[in-house]
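Student: I have a model open on my screen and would like to talk through how its helices are arranged. Could we go step by step?

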Amino acid sequence: MKNIIFIAPPAAGKGTISDYLVKNYHYEHISTGDLLRDEIASGSEFGQKLDIILKSGSLVDDETVIQLVRQKITTLAHQAFILDGFPRTLKQAKALDQLLDELHIGNNVAIYLNVDLDTALKRVMARVICPKCKRSYNLNNEKLKPVHKDICDDCGEVLIHRSDDNEETFRVRYDSFMNNTKPILDFYQDKGILCEIDATMPLEEIYEQLEDEAEIRVKGGCSND
Ligand code: AMP
């Protein structure tokens with residue numbers, strides 16, 4: 001089972017797909033967005049600075065997120081992990097590469113979840129999340145709605161809208177993906193570990209392709225090599 005590095009624009013489905021992989025295959029889920037939101041929720045002075053950045057849709061500085069990810073990955077004991085929302089810049093991708101080399105972690109696949117702007121925007125506007133267990137829901141999708149309105153199916157917490165899930169901030173985040181993050185695809189293509197998945201397909205098909213690409217159900221690995 002390979003470690004998964006998701007490269008995707010906002011609302012491509014990283015959170016939903018990660019939930020599926022954690023529940024079914026016990027992946028460790030490392031979401032830099034969740035880690036940053038936890039820091040904001042703690043009310044710390046640093047959290048207050050982060051809050052302003054996240055609300056604007058801009059990127060947090062590379063050093064901060066690289067440090068967060070380094071701390072997380074170094075504490076993992078041989079557990080396969082998902083990186084959700086990291087790397088988002090070439091500098092982060094190179095730092096990650098160095099870290100994985102240092103730790104002799106070589107079994108990785110970069111998954112590009114490709115979704116068009118309109119579909120992503122519709123998803124963002126319908127997204128609610130659980131602030132406690134971080135599960136993500138989509139109110140426009142029967143399969144991704146909570147059973148009881150506004151309540152998390154898993155932990156019973158009241159669901160919330162993310163403060164950056166509005167059209168204005170979404171457009172900043174989408175532009176940031178196109179300008180800062182999309183160029184990383186070449187980096188992973190050159191390393192020969194990039195696979196692309198059409199994130200507008202039905203979820204079952206996405207899961208199936210992902211299970212093949214990450215060699216969770218061994219079928220031959222990456223079809224885009
Ligand atoms: P996400 O939950 O992945 O959509 O991330 C929410 C926000 O957190 C982003 O819009 C950024 O402001 C910040 N963020 C998350 N991951 C990173 C990262 N790898 N680099 C810089 N900023 C990040």
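Student: Happy to start small. Which residue just after H8 takes a positive phi?

Tutor: Keep in mind that this is a predicted model. Go to the end of H8 and look at the backbone there. Phi is about 75 degrees just after H8, and the residue that takes this positive value is Gly 192.

Student: Staying with H8, where do its buried residues lie around the axis, on the same side or on opposite sides?

Tutor: The buried residues of H8, which spans residues 184-191, are Ile 184, Leu 185, Phe 187 and Tyr 188. They cover an arc of only 160 degrees around the axis, so they lie on the same side of H8.

Student: Which residues are exposed on the other side of H8?

Tutor: Let's first see what covers the buried residues: the list includes strand E1 (3-7), helix H5 (90-102), strand E4 (108-114), helix H7 (167-181) and strand E7 (194-198). Now turn to the other side of H8, where the exposed residues are Asp 186 and Asp 190.

Student: H5 came up there. Are H4 and H5 roughly parallel or oblique to each other?

Tutor: H4 covers residues 62-74, and its axis is 10 Å from that of H5. The two pack at an angle of about 25 degrees. Angles under 35 degrees count as roughly parallel, so H4 and H5 are roughly parallel.

Student: How many charged residues does the contact of H4 with H5 have?

Tutor: On the H4 side the contact includes Asp 62, Glu 63 and Arg 70, while the H5 side includes Lys 91 and Glu 102. By class, the contact also has seven nonpolar and two polar residues. The number of charged residues is five.

Student: What about H2 and H3: are they oblique or roughly parallel to each other?

Tutor: H2 (residues 32-41) and H3 (residues 45-56) have axes 7 Å apart and pack at an angle of about 125 degrees. Angles of 65 to 115 count as roughly perpendicular and those over 145 as roughly antiparallel, with the rest oblique. The relation of H2 to H3 is therefore oblique.

Student: One last stop: is Glu 208 buried or partly exposed?

Tutor: Glu 208 is found in helix H9, residues 203-213. Its relative accessible area is 41%. Buried means under 20% and exposed means over 50%, so Glu 208 is partly exposed.

Terms used: Residues are numbered from 1 along each chain as its sequence is written. This is a predicted model: local features need pLDDT of at least 70, side-chain atom pairs count only at pLDDT 80 or more; totals for chains, interfaces and linings use all residues. Side-chain values use heavy atoms; hydrogens and water are left out. Axes are lines fitted to C-alpha atoms, for helices over the stretch in contact, and angles run from 0 to 180 degrees between N-to-C directions. Helices (H or I, at least four residues) and strands (E, at least two) are DSSP runs, numbered from the N terminus. Buried means under 20% relative accessible area, exposed over 50%, partly exposed in between (1.4 Å probe, protein chains only). The arc is that of the directions from the helix axis to the C-beta atoms. Contact means heavy atoms within 4.5 Å. Ala, Val, Leu, Ile, Met, Phe, Trp, Tyr, Cys and Pro count as nonpolar, Asp, Glu, Lys and Arg as charged, and the others, Gly among them, as polar.
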